[in-house]
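Trainee: I'd like a close look at one part of this model, namely whatever cavities a search of it turns up. Please take your time over them.

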Amino acid sequence: MKTRHVFAAALSTAVLASGAASAQTVFTVSSWLPPTHTLSTAQKSWCDLLEKDSAGRMKCNTLPKGVVAAPGTFDAVRDGLADISYTVDGYTPGRFINTQVAEFPFLGDSATATSLAYQRVYSKYFAPLGEHRGVKTLAVFTHGPGIIFTVKQPVASAADAAKLKFRIGGGNINELSKAMGWNTTLKPAPESFEMLSTGVMDGTFFPDESVVSFKLSMVKHATTFPGGLYNTSFVFMMNEDKYKALSAQDKAVVDKISGETAARIFGEGWDRVDASSREQQKTQGVTRITADAAFVQAVKDKQAALENKWAEAAQAKGLKDPKAVLAEFRAEIAKVK
């Protein structure tokens, strides 16, 4: 009789243990970039940290390809087609207002610094206004400084750029290009190779990383700007219902590795590949020039009106004193080490 009770207790323990094991949360993760791209590897690093810090209670299942094209990714995560992914805010023009502050020219030369500063400003000012309403925002971040890359001829002035056709990724650079009178087409980054290799476009605006990531071997010229000609605002996000269904313990793990922890993972990853790409561009024969004072001033003159326009739109969306927020953002970038 006693043996039977011991056996029953052991069986009950085994069932409970089995139940605990089956309670593991698996997140479906999507990436619209190749698995070797820094954003895909950064997302994987975050997922690895999630599994480690939750003692295996949570893990990621990364799909072999994105569930949708890049511009549809925000809605895909919101609607549950994927649990976790990232996207570019500017791929859906006019949808996100406050985040445009991270897309302005001359912000900084390090993706890590701009990403951490952006995350701090976002948490303080933009998150309370529901800028990415509909998803659980895990982090915001930026890439490295934006550069003009061309195939056949260098761009040494605003007038040089006006003679060419460029692929761009959207956001403030789209509006700035229009103000400068440049001929640009808004297309997701993965389409760049075909557009440049076929001559449909003469160049593209990208951070250094992208020349290697998208195998743009046809690129031969680069024009850099102090702090970058532009930047790109990214959001790293989770399906809101999936997050709400987590236990308090697991929510705490997600929260702990979100925000600045996640922003640093993405920013540092981008800085590494930017540096590596610059070395590879040397063997590719890319000639680099730095925009002179006149070129920089021409951009500043047009950007001033865009910043005023952004400030008005942001204020209408509830952001108090947008110009002060922009000044705080720039000062925060300078402080980040």
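Mentor: Here's a walk through the cavities, followed by a helix that shares a strand with this story. First, the ground rules: this is a predicted model, with local features needing pLDDT of at least 70 and side-chain atom pairs counting only at pLDDT 80 or more, while totals for chains, interfaces and linings use all residues. Numbering starts from 1 along each chain as its sequence is written, and side-chain values use heavy atoms, with hydrogens and water left out.

Rolling a probe the size of a water molecule over the atoms shows where empty space is left. Here, a cavity is a set of points, on a 1 Å grid over the protein atoms alone, where a 1.4 Å probe fits but cannot get out; its lining residues have an atom within 4 Å of a point. Grid points are joined across faces, edges and corners, and volume is the space filled by probe spheres set on the points. Searching the whole structure gives two cavities of 30 Å³ or more.

The largest has a volume of about 150 Å³. Its lining takes in 20 residues, and Tyr91, His143, Ala189, Phe206 and Phe234 are the ones nearest its centre. By type, that lining splits into 13 nonpolar, five polar and two charged (nonpolar is Ala, Val, Leu, Ile, Met, Phe, Trp, Tyr, Cys and Pro; charged is Asp, Glu, Lys and Arg; the others, Gly among them, are polar). Strand β8 (203-206) and helix α8 (209-213) each put at least two residues into it; helices (H or I, at least four residues) and strands (E, at least two) are DSSP runs numbered from the N terminus.

The second largest cavity holds about 40 Å³. Tyr91 turns up in its lining too, along with Ala70, Pro71, Phe74, Thr87, Val88, Asp89, Thr92, Arg95 and Phe96. That makes six nonpolar, two polar and two charged residues.

Now back to β8, which is also among the elements covering the buried residues of α6, as are α5 (158-162), β6 (165-168), β7 and α12 (293-316). In α6 (residues 172-180), the buried ones are Asn172, Ile173, Asn174, Leu176, Ser177 and Met180; buried means under 20% relative accessible area (1.4 Å probe, protein chains only). Right after α6 comes Gly181, with a positive phi near 80 degrees. From strand β7 (residues 183-186), which includes Thr184, that residue is in contact (heavy atoms within 4.5 Å) with Asn174 and Ser177, as well as Phe166 and Ile168, leaving aside neighbours within four places in sequence. Thr184 counts as buried because its relative accessibility is 18%.

How values were computed. On a 1 Å grid over the protein atoms alone, a cavity is a set of points where a 1.4 Å probe fits but cannot get out, and a pocket is an open set with protein on both sides within 12 Å along at least five of seven lines; lining residues have an atom within 4 Å of a point. Buried means under 20% relative accessible area, exposed over 50%, partly exposed in between (1.4 Å probe, protein chains only).
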